[in-house]
Amino acid sequence: MSKQFIPNITTELRKDIVKVPEIIDEASGIIIFGKKIKSIIFTTDIAIIRNTNANAVIAVYPFTPHPAITKSIIEAADIPVFSGVGGGLTQGTRASYMSLFAEAQGSIGVVLNGPTPIETVQEVCSVVDIPVVSTVTSKYTPIDEKIEAGVKIINISAGKETADTVRHFRKLYPELPIIATGGPNEESIRETIEAGANAITYTPPSNGKLFSKKMDFYRERERNEFKKSH
């Protein structure tokens, strides 16, 4: 059977976007509140979030979560947002307040760091009506109690061991929704999907790298125009 034609509508001003690798389409996806999510862009850059074809964004960052940051990202995004709410330094009541705020602002899920104490996991799971995502950094990350407490999805970010870690937890939990980092190329993304990941996070080039590419294009165009006129 021939591949079905898919119409593609864009404009000159919006055609230059950050595209996720097409191979991510091979993932099964995770359906959350009726929305199927396969590709998740890992960034807090509002400009990138507004200019990507990813299905969702995971907005976690290496600072104490703050309502102003969460609010700004959700307001700017035109795709679902998984909001980081702490779990490392930010625990207990503050993490649960951040979770409630994220839900109220429109987050599709909240993300807790790997070291989150079980008491904080229980507190967050008891107050929100959106999926709680627990980050996994290795196959040694304890998740049994967290799943029992109400965690619905795990987010595996184990560096070069990500595919093996996905395989490990998929064997233990055949039906557990798994998000995982895809790695640097199509081969690593495919391996991660085949290991059992339902959705893939993609780290886009930095704003600086994207701008550098555009500036190179501008310079080349100016050079060509100069040669034509001389």
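Histidine 168 sits in helix α6 of this predicted model. With a relative accessibility of 29%, histidine 168 counts as partly exposed, because that class covers values between 20% and 50%. Its C-alpha atom is 24 Å from that of phenylalanine 82, and the two residues are 86 places apart in sequence. From this helix we can move on to its partner, then to the chain as a whole, its enclosed and open spaces, and a few single residues.

**Helix α6 and its partner α7**

- Helix α6 takes in residues 162–172 and helix α7 residues 186–195, and their axes come within 8 Å of each other.
- The two axes cross at roughly 10°, so α6 and α7 run roughly parallel to each other; the cut-off for that description is an angle under 35 degrees.
- On the α6 side, the contact is made by Thr162, Ala163, Val166, Arg167 and Arg170.
- On the α7 side, Glu191, Thr192 and Ala195 take part.
- Sorted by class, this contact has three nonpolar, two polar and three charged residues.
- As a handy reminder when you look at such a helix, an α-helix has 3.6 residues a turn, so residues three or four places apart point the same way.

**The chain as a whole**

- You will find eight helices and 10 strands in the protein chain.
- Taken along the principal axes, the C-alpha atoms fill a box of roughly 70 × 45 × 30 Å.
- The chain has 230 residues, and 43% of them are buried.
- Of the contacts between residues at least 6 apart in sequence, 59% join residues that are at least 24 apart.

**The cavity and helix α2**

- The structure holds one cavity of 30 Å³ or more.
- About 40 Å³ of space lies in the largest cavity.
- Its lining is made of Ala59, Tyr61, Ile69, Thr70, Ile73, Ser83 and Gly84.
- By class, that lining has four nonpolar and three polar residues, with no charged ones.
- Helix α2 (67–76) and strand β5 (81–84) each supply at least two of the lining residues.
- The largest share, three residues, comes from α2.
- Within α2, the buried residues are Thr70, Ile73, Ile74 and Ala76.
- Two of these buried residues, Thr70 and Ile73, also appear in the cavity lining.
- The buried residues of α2 pack against α1 (46–49), β4 (56–59), β5 and α3 (92–105).

**The largest pocket**

- The largest pocket holds about 840 Å³ of space.
- It is lined by 24 residues, and those closest to its centre are Asn8, Ile17, Lys19, Thr52 and Asn53.
- Its lining has seven nonpolar, eight polar and nine charged residues.

**Phenylalanine 42 in strand β3**

- Phenylalanine 42 belongs to strand β3, which takes in residues 39–42.
- With a relative accessible area of 35%, phenylalanine 42 is partly exposed, because it falls between the 20% limit for buried and the 50% limit for exposed.
- Setting aside neighbours within four places in sequence, phenylalanine 42 is in contact with Ile58, Val60, Tyr202, Thr203 and Pro204.
- Phenylalanine 42 and threonine 181 are 139 residues apart in sequence, yet their C-alpha atoms are 9.1 Å apart in space.

**Threonine 120 and phenylalanine 33**

- Where does threonine 120 lie? Its place is in helix α4, residues 118–127.
- Is threonine 120 buried or exposed? Threonine 120 counts as buried, because its relative accessibility is 3% and the class takes in values under 20%.
- Outside its neighbours within four places in sequence, threonine 120 is in contact with Gln91, Gly92 and Ala95.
- Phenylalanine 33 lies in the loop that runs between β1 (30–32) and β2 (35–37).
- Phenylalanine 33 has a relative accessible area of 54% and is therefore exposed, as the cut-off for that class is over 50%.
- The phi angle of phenylalanine 33 is near 50°, which is a positive value in a residue other than glycine.

Definitions and conventions
Residues numbered from 1 in each chain as written. Predicted model: local features only at pLDDT ≥ 70, side-chain atom pairs only at ≥ 80, totals over all residues. Heavy atoms only, no water. Axes fitted to C-alpha atoms, helices over the stretch in contact; angles between N-to-C directions. Helix = DSSP H or I, 4+ residues; strand = E, 2+ residues; numbered from the N terminus. Parallel < 35°, antiparallel > 145°, perpendicular 65-115°, else oblique. Contact = heavy atoms within 4.5 Å. Nonpolar A, V, L, I, M, F, W, Y, C, P; charged D, E, K, R; others polar. 1 Å grid on protein atoms, 1.4 Å probe; cavity = no way out; pocket = protein on both sides within 12 Å on 5 of 7 lines; lining within 4 Å. Points joined across faces, edges and corners; volume = space filled by probe spheres on them. Buried < 20%, exposed > 50% of the residue type's maximum accessible area, 1.4 Å probe, protein only.
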